[in-house]
Amino acid sequence: MEPGQLALYAALVFGLCAVMLGLSWVLGQRTAASRFGREPYESGIVSTGGARLRLSAKFYLVAMLFVIFDLEVVYVLAWGVAAREAGWAGYVEIMVFLGILLAALVYLWRCGALDWAPKAQKPANRRY
């Protein structure tokens, strides 16, 4: 791509963005400045409290683990489509891949990353 074409493309992109923003400002709905006009409206339910909730880090951990272990499906499906062409070498490679994922899952399980509830403590030996 030549520099002139790149500059033309950038100008067209910025121009399109400016047109879209301008049209949304001109054609957009105006709300009255009232107490109800500034409150969020969520599917007919009046909101209670603020949106600044403190979430446990376990929610983020579950999300990361889902992404990591869900992405493997893409590779396994791609291998499944090309299994005949890949032959035994492809089979060995996918088994190594799944073995590494299984080892990672066992490691996370042993470390307690999959435990949602807090660990139970041993009851103290009390003498009465």
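Which residues in α2 are buried? In this predicted model, the buried positions of helix α2 are Leu65, Phe69 and Glu72. Residues three or four places apart on an α-helix point the same way, because such a helix has 3.6 residues a turn. The buried residues of α2 pack against α3, which covers residues 83–111.

It helps to place this helix in the overall fold. The protein chain contains three helices and two strands, and these elements follow the order α-β-β-α-α along the sequence. Helix α2 runs over residues 57–81. With its 25 residues, α2 extends 37 Å from its first C-alpha to its last, close to the 36 Å expected at 1.5 Å a residue.

Burial in the chain as a whole comes to 6% of the 128 residues. The accessible surface of the protein chain amounts to about 12400 Å², and carbon and sulfur atoms account for 67% of that area.

Part of the surface is organised into a nonpolar patch, made up of Leu53, Leu55, Phe59, Tyr60, Val62 and Trp116. Together these residues offer about 690 Å² of accessible area. One of the patch members, Tyr60, is located in helix α2. Tyrosine 60 counts as exposed because its relative accessible area is 51%, just where the cut-off of over 50% for exposed residues applies.

The next residue to consider is leucine 61, which also has its place in helix α2. Here the relative accessible area is 26%, so leucine 61 is partly exposed; the cut-off for a buried residue is under 20%. Leucine 61 also has a partner far along the chain: alanine 113 is 52 residues away in sequence, yet the two C-alpha atoms are separated by 7.8 Å.

Finally, what does a search of the whole structure find in the way of disulfides? The count is zero. A disulfide is a covalent bond between the sulfur atoms of two cysteines. Two cysteines can be described by their exposure. Cysteine 17 is partly exposed, at a relative accessible area of 35%. Cysteine 111 is likewise partly exposed, and for this residue the value is 47%.

Note on methods. Residues are numbered from 1 along each chain as its sequence is written. This is a predicted model: local features need pLDDT of at least 70, side-chain atom pairs count only at pLDDT 80 or more; totals for chains, interfaces and linings use all residues. Side-chain values use heavy atoms; hydrogens and water are left out. Patches are made of residues with over 30% relative accessible area and no salt bridge: like charges are joined within 9 Å, nonpolar side chains (Val, Leu, Ile, Met, Phe, Trp, Tyr) within 5 Å. Accessible areas come from the Shrake-Rupley method with a 1.4 Å probe; for residues, only the protein chains shown count as cover. A salt bridge is a side-chain nitrogen of Lys or Arg within 4 Å of a carboxyl oxygen of Asp or Glu. Helices (H or I, at least four residues) and strands (E, at least two) are DSSP runs, numbered from the N terminus. Buried means under 20% relative accessible area, exposed over 50%, partly exposed in between (1.4 Å probe, protein chains only). The expected span of a helix is 1.5 Å times one less than its number of residues. Contact means heavy atoms within 4.5 Å. A disulfide is a pair of cysteine sulfur atoms within 2.5 Å.
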